[in-house]
Structure formats: structure tokens, C-alpha cells
Amino acid sequence: MAWNRDIEHWNPEDTEFWEREGKKVAYRNLWISIPNLLMGFAVWMMWGMITVQMMNIGFPFSEREMFTITAIAGFTGATLRIPASFFIRIAGGRNTIFFPD
């Protein structure tokens, strides 16, 4: 199976198909998705920790502005997951995984 080919037939319930072709594709996509999603969540979490500490290193923002900056990262991440869920069907999982994360 070529790496850049679209999936035209997917029937994971069929044991013969799963052993012949499906398991290989599913595991490949799993190993691509896990590190990408992990990095996306790591950056998202680090941004929250970094913005809270920005006041300690001299940024002239009020406490309210700092928490707003922190909330923007969470709001953006959550909001971009909505169109990303539709893009998977349109463009495929491999192409979409790099867009929101």
C-alpha cells in the first residue's frame, strides 16, 4: 500500500481485510497521531504556565490581562477542533493533523 494513496475501501469489521490491510494502516495512523496530539497539548499546557509567570519577569500586564491571554490559548485550541473534525473527512487525517496542532 502506497503512503500517499487515499483509502478507498475501509472495513475493519472484516477479519481478512483487517489482517491483510487494515491493521497496518490503522497502526501507522495511530503512531503519526499520538506524537502530534501530544505536542499540541504540551504547547497548549506550557502556554498557560508561561503566561502566568510573565508578570514575574517584568511584563507590564495586569493580572486580569494575563488570565485573558491564558484563556485565549484554551479557547483557540477548543474552537479550532470544530473545523478540524470536518477537515478530516474532507482532506484526510494525515493532512488535517498538522493544521490545528
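In the predicted model, Glu19 and Lys23 are joined by a salt bridge in which the closest N and O atoms lie 3.3 Å apart. Because Glu19 and Lys23 are four residues apart in helix H1, about one helical turn separates them. The two partners fall into separate accessibility classes: Glu19 is exposed, with a relative accessible area of 53%, whereas Lys23 is partly exposed, at 30%. Side chains of opposite charge can pair when their charged atoms come close.

The structure holds two salt bridges. Besides the pair just described, the side chains of Arg20 and Glu16 meet in a salt bridge, with an N to O distance of 3.6 Å. Arg20 and Glu16 also both lie in helix H1, where they are four residues apart, about one turn of the helix. Arg20 counts as exposed because its relative accessibility is 51%, and Glu16 likewise counts as exposed, at 57%.

Further along helix H1, which comprises residues 15-53, a nonpolar patch appears on the surface. This patch is formed by Met45, Met46, Trp47, Met49 and Ile50, which together have about 510 Å² of accessible area. Ile50 lies in helix H1 and counts as partly exposed, since its relative accessibility is 42%.

Thr51 is likewise found in helix H1, but this residue is buried, with a relative accessible area of 0%. When neighbours within four places in sequence are left aside, Thr51 is in contact with Met66, Ile69 and Thr70. With Thr70, the side chain of Thr51 also forms a side-chain to side-chain polar contact of 2.5 Å.

Technical notes. Residues are numbered from 1 along each chain as its sequence is written. This is a predicted model: local features need pLDDT of at least 70, side-chain atom pairs count only at pLDDT 80 or more; totals for chains, interfaces and linings use all residues. Side-chain values use heavy atoms; hydrogens and water are left out. Patches are made of residues with over 30% relative accessible area and no salt bridge: like charges are joined within 9 Å, nonpolar side chains (Val, Leu, Ile, Met, Phe, Trp, Tyr) within 5 Å. Accessible areas come from the Shrake-Rupley method with a 1.4 Å probe; for residues, only the protein chains shown count as cover. A salt bridge is a side-chain nitrogen of Lys or Arg within 4 Å of a carboxyl oxygen of Asp or Glu. Helices (H or I, at least four residues) and strands (E, at least two) are DSSP runs, numbered from the N terminus. Buried means under 20% relative accessible area, exposed over 50%, partly exposed in between (1.4 Å probe, protein chains only). A polar contact is a pair of N or O atoms within 3.5 Å; within protein, one must be able to donate a hydrogen and the other to accept it, and residues adjacent in sequence count only if both atoms are side-chain atoms. Contact means heavy atoms within 4.5 Å.
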